[in-house]
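Open the model in your viewer and keep the selection tool at hand. This tour goes from one pair of elements to a single residue, and ends with the whole chain.

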Amino acid sequence: MLQFIAWRFLQSIITVLGISAVVFYFTFVIGDPVVAQLAGRYDLDFDAVERIRKDMGFDQPIPVQYAKFVVNAAQGKIGLSLVDKRPVTEQVARRLPATIRLALAAAAITLIVAIPLGVLAALKRGTFIDRIARTLAFSGQSIPDFFLALLLIYLFGVWLQWLPIAGKGSWQNLIMPAIAAGWFSTAGLLRITRSSMLEVLSSDYVRTARAKGLKENTVLWVHSFRNALIPIVTSVALLAAGMLNGIALVEVIFAWPGLGEYAVSAALGQDVFAIQAIVLFTAALFVTANFVADVAYAVADPRIRLY
């Protein structure tokens, strides 16, 4: 088990290093970072620009620059924001709690709704409950997050005036963004849970367990649900990381001061170092989610501890 975890961890480190190389390369493809840093300043001559380039280390060979970039990134030193001239890691750290709060709320909605309803739909296949679950899954994967966010704002914020439509104040400000951010993930996890449970419930060992006279709860949760966990764990891990894609637009629509809103503003303002920090952080999150999923596989089913 420890050898399996160590190997997967090494693969994750190599993946992050590869992504960091791509991020470093595209920093120079999109333009000169020094020119971007000095945008709007016309009081500097060529010699002054070269001195700044030397101070920032851009006069050194590319391999040396990349090595320093990796070391600095590992220490949380990406660079200064081109907008407010402050370290971008400070901005990320300041906005990250709001994004985590929203992501946890969206994940809670996803887990509370998708897994129980998916299991129930599989048990009640072909019934009214199953039709409701399939309709929810279909609509959840058909309606974009931003459209649902606007619909929620109009319905509950403008028309009924039950909930605030923007900002990060009380818990009421969290309801609509969490629903919008978790909508797609809920639909996907519900569909995967239902399909996985249907496959397991029709297997021979489940029929044998029932023939032995075991209680239905024992058959469902001990013999069925655990064997259906592999695709569910995969979906949970990847949807949790991929939820950031939807959160970015949701944060902009609801004026939620999180990392997604910062990413959009950095992209619009061509803030090179801010984009670097956000891309690296998001990539590390995806890689971590995959690593956690691999370890969860090994816990759920020891037969897959292969490498």
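**A pair of helices**

In this predicted model, helices α5 and α8 are roughly parallel to each other, because their axes cross at roughly 30° and angles under 35 degrees count as roughly parallel. To see this, select residues 88-123 for α5 and residues 172-201 for α8, whose axes come within 6 Å of each other. As you turn the view, look for the handedness of the pair, since α5 passes α8 in a right-handed crossing. If you colour the contact of α5 with α8 by residue class, you will find 23 nonpolar, six polar and two charged residues.

**A single residue**

Next, select Ser 12, which has its place in helix α1, the helix of residues 2-29. Is Ser 12 buried or exposed? Its relative accessibility is 13%, and Ser 12 therefore counts as buried, the cut-off for buried being under 20%. Now show what surrounds this residue: leaving aside neighbours within four places in sequence, Ser 12 is in contact with Val 287 and Phe 291.

**The whole protein**

Finally, clear the selection and display the whole protein as a cartoon, where you can follow 13 helices and zero strands. Of the 307 residues in the protein, 39% are buried. When contacts between residues at least 6 apart in sequence are considered, 73% of them join residues at least 24 apart. If you switch on the surface, you are looking at an accessible area of about 17,000 Å², of which 68% belongs to carbon and sulfur atoms.

How values were computed: Residues are numbered from 1 along each chain as its sequence is written. This is a predicted model: local features need pLDDT of at least 70, side-chain atom pairs count only at pLDDT 80 or more; totals for chains, interfaces and linings use all residues. Side-chain values use heavy atoms; hydrogens and water are left out. Axes are lines fitted to C-alpha atoms, for helices over the stretch in contact, and angles run from 0 to 180 degrees between N-to-C directions. Helices (H or I, at least four residues) and strands (E, at least two) are DSSP runs, numbered from the N terminus. Angles under 35 degrees count as roughly parallel, over 145 as roughly antiparallel, 65 to 115 as roughly perpendicular and the rest as oblique. A crossing is left-handed if the near helix is turned anticlockwise from the far one by less than a right angle, and right-handed if clockwise. Ala, Val, Leu, Ile, Met, Phe, Trp, Tyr, Cys and Pro count as nonpolar, Asp, Glu, Lys and Arg as charged, and the others, Gly among them, as polar. Buried means under 20% relative accessible area, exposed over 50%, partly exposed in between (1.4 Å probe, protein chains only). Contact means heavy atoms within 4.5 Å. Accessible areas come from the Shrake-Rupley method with a 1.4 Å probe; for residues, only the protein chains shown count as cover.
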